[in-house]
Amino acid sequence: VETEVQVLVGLETLLGLNEEPGVLKSSGELVSVNKVRELAESSRLRRLVIEKATGNLIDFGRTTYRPPAALNDKVRARDVMCRAPGCTRSAEKTDLDHTLAWEDGGVTSEKNLVSLCRRHHNLKTHLDWSYQLMPDGSVLWLTPDGLEHKDPTHPFIDSA
């Protein structure tokens, strides 16, 4: 039986830019960089990339299809509504879709997840529609007949 040990390590440490210790997720115990490297050689790793300034999870890698709660919440808050042009379904009532499909190597990360209502998710999955999440946060859709449609970023509106 393979045991999974979850160690939270900063991106800078993974990139070799510093020697900060990791933290055992189960207990909060500090783990030296040497121990992290030892575990990496002998264990199955699950990469969890954390933004150091906020502690927010920014990438969950390829070890899981479904995003963890923090990532799910972050994507839905960013998207506000379904990202198909003109659709107004609340992101809270949508599926999270991998822009690059999981089966094709897509990762479970903020940059590869988009909120789509079931109708638009099915268009993308079964009817040859495609889209790209652009660096400015907009979504560029391509129809099967080659037409482009752009969904701009949606400002977050606090109704309270």
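**Group meeting talk: a predicted chain, from Leu15 to helix H4**

Leu15 counts as exposed because its relative accessibility is 56%. I start with that residue, and I should say at once that this is a predicted model. Leu15 sits in the loop that runs from helix H1 (11-14) to strand E2 (22-24). Together with Leu11 and Leu17, Leu15 makes a nonpolar patch on the surface, of about 310 Å².

Now the chain as a whole. It has four helices and ten strands. If you read along the sequence, the order is β-α-β-β-α-β-β-α-β-β-α-β-β-β. The chain has 160 residues, and 34% of them count as buried. The area that the chain exposes is about 10,100 Å², and 53% of that comes from carbon and sulfur atoms. On contacts, take the pairs of residues at least 6 apart in sequence: 42% of those contacts join residues at least 24 apart.

Next, the cysteines. How many disulfides does a search of the whole structure find? The count is zero. For Cys82, the nearest cysteine sulfur belongs to Cys87 and is 3.8 Å away, and Cys82 is in no disulfide. A pair counts as a disulfide when the two sulfur atoms are within 2.5 Å, so a separation of 3.8 Å does not qualify. Cys117 is in no disulfide either; its nearest cysteine sulfur is that of Cys82, at 3.8 Å. As a reminder, a disulfide is a covalent bond between the sulfur atoms of two cysteines. Are these two residues buried or exposed? Cys82 has a relative accessible area of 0%, so it is buried. Cys117 is buried as well, with a value of 5%.

On to helix H4, which covers residues 118-126. Which residues of H4 are buried? They are His120, His121, Leu123 and Lys124. Looking down the axis of H4, these buried residues fall within an arc of 155°, so they line one face of the helix. What do they pack against? The partners are four strands: E6 (95-98), E7 (113-116), E8 (130-133) and E9 (139-142). The other side of H4 has Arg118, Arg119 and His126, which are exposed. So H4 has a buried face, as its buried residues lie within that 155° arc, and exposed residues on the other side.

Last topic: backbone angles. Most residues other than glycine have a negative phi, and most peptide bonds are trans. Two residues here are worth pointing out on that score.

One is Asp128, which follows H4. Asp128 is not a glycine, yet its phi is positive, about 65°. Where is Asp128 found? It is in the loop between H4 and E8. With a relative accessible area of 65%, Asp128 is exposed.

The other is Val80. It is not a glycine either, and its phi is positive at about 65°. Val80 is placed in the loop between helix H3 (69-79) and E6. Its relative accessibility is 23%, so Val80 counts as partly exposed.

To go over it once more: Leu15 is exposed and shares a nonpolar patch with Leu11 and Leu17. The structure has zero disulfides. The buried residues of H4 pack against E6, E7, E8 and E9. Val80 has a positive phi, and so has Asp128. That is all from me.

Notes. Residues are numbered from 1 along each chain as its sequence is written. This is a predicted model: local features need pLDDT of at least 70, side-chain atom pairs count only at pLDDT 80 or more; totals for chains, interfaces and linings use all residues. Side-chain values use heavy atoms; hydrogens and water are left out. Patches are made of residues with over 30% relative accessible area and no salt bridge: like charges are joined within 9 Å, nonpolar side chains (Val, Leu, Ile, Met, Phe, Trp, Tyr) within 5 Å. Accessible areas come from the Shrake-Rupley method with a 1.4 Å probe; for residues, only the protein chains shown count as cover. A salt bridge is a side-chain nitrogen of Lys or Arg within 4 Å of a carboxyl oxygen of Asp or Glu. Helices (H or I, at least four residues) and strands (E, at least two) are DSSP runs, numbered from the N terminus. Buried means under 20% relative accessible area, exposed over 50%, partly exposed in between (1.4 Å probe, protein chains only). The arc is that of the directions from the helix axis to the C-beta atoms. Contact means heavy atoms within 4.5 Å.
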